[in-house]
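Student: I would like a close look at a single part of this protein. Please take me through the sheet.

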Amino acid sequence: MTRRHVFSTANIDEAAQAMNRARQAGIANENISLIAREDIERQELPDERNEGASDFYPAALRGVGMGAGSGLLAGLICLVIPPLGITVAGAAAMTVAGAAVGAWTSALAGSAVPDPISRKFEDEIKSGRILVVIDGDDDALATAAAAIEAGGAKQLPFDAPTALT
């Protein structure tokens with residue numbers, strides 16, 4: 001399973017060094033991103049390194065699950081009530097519709113909420129530090145963490161599956 005770790009660096013040069021060390025340790029380039037204060041992101045960080053600043057995708061995933069569950073429950077209830085005349089296909093359609101509506105509404109709400117890393121390390125970001133975020137399997141992360149910390153970055157207490165962050 002792919003997991004996510006976060007490191008704090010003092011400036012863009014230290015962040016670049018941490019990214020190079022992560023690459024040398026086997027972390028793929030597309031699995032490395034940066035989070036910084038808004039003014040630093042605009043002036044110093046390359047666009048392809050910016051981590052999404054909202055909870056859009058994780059919220060959409062949660063919405064699909066909750067919406068599908070709600071649609072399935074409503075469909076099954078309609079199956080039990082004879083005068084409604086809902087078939088099994090109708091219950092399946094309600095499940096799909098529930099998943100779609102759940103994903104849409106949750107993604108809209110999630111787009112207004114900061115991502116979990118920005119929420120947890122708000123003080124680090126406000127103080128001007130640049131966070132280096134890496135994704136990888138446990139072995140790659142262990143190797144990368146040792147290399148990154150040897151370069152002066154500080155590992156922050158964050159370890160979560162990538163799909164949920």
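Which element has the lowest mean pLDDT, and which the highest?

Tutor: This is a predicted model, in which local features need pLDDT of at least 70, side-chain atom pairs count only at pLDDT 80 or more, and totals for chains, interfaces and linings use all residues. Residues are numbered from 1 along each chain as its sequence is written, and side-chain values use heavy atoms, with hydrogens and water left out.

Your question first. Helix α2 (residues 38-44) has the lowest mean pLDDT, 68, and β1 has the highest, 91. Here pLDDT is the predictor's confidence in each residue, from 0 to 100. The protein averages 81, and 84% of its residues score at least 70.

Now the sheet. The protein has four strands, alongside seven helices. Both are DSSP runs numbered from the N terminus: helices are H or I with at least four residues, strands are E with at least two. The order along the chain is β-α-β-α-α-α-α-α-β-α-β.

In space, the order of strands is β2-β3-β1-β4, in an open sheet with antiparallel pairing. Strands β2 (32-35) and β4 (154-161) are the edges, and each pairs on one side only. From one strand to the next, the twist averages 25°. Such angles run from 0 to 180 degrees between N-to-C directions, with axes fitted to C-alpha atoms.

Strands of a sheet pair through backbone hydrogen bonds. Two strands count as paired if DSSP finds at least two bridges between them. Strands β1 (residues 3-9) and β3 (residues 130-136) have seven bridges, in the antiparallel sense. Look at Thr9: Ile130 in β3 stands opposite.
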